[in-house]
Amino acid sequence: MKAMILAAGRGTRVRPLTERLPKPMIPIVHKPVMTLLVEHLKRHGFDEIMVNTSFMAPEIENYFRDGNQFGVRMAYSFEGVLEDGKLVDQPIGSAGALQKIQTHSGFFDEDFLVICGDAIIDLDLAKMMAFHRSRGALATVALKKVPREELPSYGVAVLADDQRIVSFQEKPAPGTELSDLANTGIYIFSPKVFDWIPRDVVYDIGGQLLPALAAAGEAMYGIELPFEWLDIGKLPDFHAVVMRALRGEVDLGGFPGREVKPGVWAGLNVRANFDALDIKGPVYIGGSAAIEDGSVIIGPALIGANARIESGAHIESTIVLDHTRVGGFTHCVRRVVGPGFSFDPAGTVVDGGASDVDWLFADSRTRAPELDDGRRELQESLREHGYQASSQDASKSG
């Protein structure tokens with residue numbers, strides 16, 4: 001069966017994570033989120049997969065290639081131009097992306113699935129396809145009930161008794177909701193849908209195509225099945241999903257490497273004396289990381305590949321991203337720490353470029369800064385008194 005993964009967006013709501021990689025490539029422990037999606041598609045018989053790319057397109061295309069290593073076939077539709085030797089992204093909307101592919105080759109010659117490349121799901125896609133075909137539907141939308149207070153973040157669908165979608169309401173203001181069924185961005189379409197998508201214009205599925213189909217009374221249905229839907233839409237979502245994955249609540253197919261202590265997994269070439277650490281699982285340590293004696297790591301926690309944790313650092317319920325150096329008296333609780341930045345689950349970001357905090361967290365590939373006499377005395381004094389500086393404190397240091 002055929003599927004389309006939407007992967008052209010900039011992911012502005014999850015910056016600074018998307019300053020170095022596109023949103024579908026954000027890692028969930030050790031796998032990009034889109035890898036989990038491709039594996040799920042394969043399990044449900046979707047083995048011909050088109051992907052639209054735009055922002056940082058080579059990061060996606062060079063990773064997945066033709067899909068052979070994942071047991072599927074994949075190809076890409078780039079949305080943008082090459083100017084002065086640089087790729088300039090020019091996304092054309094989710095529906096416009098479908099029409100571009102169809103105009104190019106007529107690829108969508110059977111009922112097909114469309115799904116966003118930045119969500120983790122365990123939806124029974126085969127069951128959804130069977131429902132779609134049994135209704136002879138032009139379009140089928142996967143719906144999920146969400147709490148009323150969260151509805152302003154979603155588009156919601158209003159259903160008739162036969163599950164036909166009669167209208168959509170986009171991001172309703174509190175108290176105006178006509179439904180609690182959110183559009184999850186998972187669709188099945190008949191090829192006839194291309195009669196409704198204009199060519200050579202920016203056109204969106206959720207905001208334009210679906211409301212047009214509903215207004216015309218077309219055969220569009222909603223299906224609500226029990227399934228896990230983890231959308232990496234905002235910075236707090238990333239922290240929450242990784243914490244769940246470390247606790248075993250998201251199927252990653254196991255952790256690579258070996259279990260060096262109960263609940264503590266390490267990849268290749270990790271430098272650490274685990275007898276000299278205060279470490280409690282679940283913890284995953286990526287390959288070539290270095291953890292100095294006297295560090296404290298309390299799970300769930302992730303230490304990324306090539307990260308360096310200096311002696312005396314305290315890591316708890318925290319994600320340390322790849323190539324990150326955490327300074328020797330930094331106290332990180334419920335945070336995400338990256339090369340030159342840090343943020344908490346509420347999304348409050350400390351930018352190392354705007355604050356003088358490279359002595360607390362920085363890129364591990366850069367030379368560690370020399371501490372001036374004042375900071376060295378402060379560091380020694382804090383250590384003597386058993387205090388650890390937090391990244392919130394760091395934002396005040398500059």
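A nonpolar core is a set of buried Ala, Val, Leu, Ile, Met, Phe, Trp, Tyr and Cys residues joined through side-chain atoms within 4.5 Å. In this structure, which is a predicted model, the largest nonpolar core has 39 residues, and those with the most contacts inside it are Ile5, Met34, Val38, Ile121, Leu123 and Ile186. A second core, separate from that one, has 30 residues, including Ala95, Ala139, Phe189 and Leu209. In soluble globular proteins, nonpolar side chains tend to be buried together.

Isoleucine 121 can serve as an example from the largest core, since it is listed among the residues with the most contacts inside that core. When its neighbours within four places in sequence are left aside, isoleucine 121 is in contact with Leu37, His40, Ile115, Ile186, Phe227, Glu228 and Trp229.

Two packed helices are described by the angle between their axes and the distance between the axes. Helix 1, formed by residues 33-43, packs against helix 2, formed by residues 57-64, at an angle of about 45°, and their axes are 12 Å apart. The two helices, helix 1 and helix 2, are therefore oblique to each other, and their crossing is right-handed. On the side of helix 1 the residues that meet helix 2 are Met34, Thr35 and Val38, while helix 2 brings Ile60, Tyr63 and Phe64 to the contact. Sorted by character, the residues of this contact of helix 1 with helix 2 are five nonpolar, one polar and no charged. Met34 and Val38 take part in this helix contact, and they are also listed among the residues with the most contacts inside the largest core.

The loops between several strands hold some further backbone details. The peptide bond from glycine 281 to proline 282 is cis, with omega near 0°, and the peptide bond from glycine 299 to proline 300 is likewise cis, with omega near 0°. Asparagine 269 has a positive phi although it is not a glycine, and asparagine 306 also has a positive phi in a residue other than glycine. The table gathers these four residues with their places.

| Residue | Backbone value | Loop between |
|---|---|---|
| Proline 282 | omega near 0° | strand 18 (278-280) and strand 19 (283-285) |
| Proline 300 | omega near 0° | strand 21 (296-298) and strand 22 (301-303) |
| Asparagine 269 | phi about 65° | strand 17 (264-266) and strand 18 |
| Asparagine 306 | phi near 60° | strand 22 and strand 23 (308-309) |

As for accessibility, asparagine 269 is exposed, with a relative accessible area of 61%, whereas asparagine 306, at 33% relative accessibility, counts as partly exposed.

Conventions
Residues numbered from 1 in each chain as written. Predicted model: local features only at pLDDT ≥ 70, side-chain atom pairs only at ≥ 80, totals over all residues. Heavy atoms only, no water. Axes fitted to C-alpha atoms, helices over the stretch in contact; angles between N-to-C directions. Helix = DSSP H or I, 4+ residues; strand = E, 2+ residues; numbered from the N terminus. Parallel < 35°, antiparallel > 145°, perpendicular 65-115°, else oblique. Left-handed = near helix turned anticlockwise from the far one by under 90°. Contact = heavy atoms within 4.5 Å. Nonpolar A, V, L, I, M, F, W, Y, C, P; charged D, E, K, R; others polar. Buried < 20%, exposed > 50% of the residue type's maximum accessible area, 1.4 Å probe, protein only.
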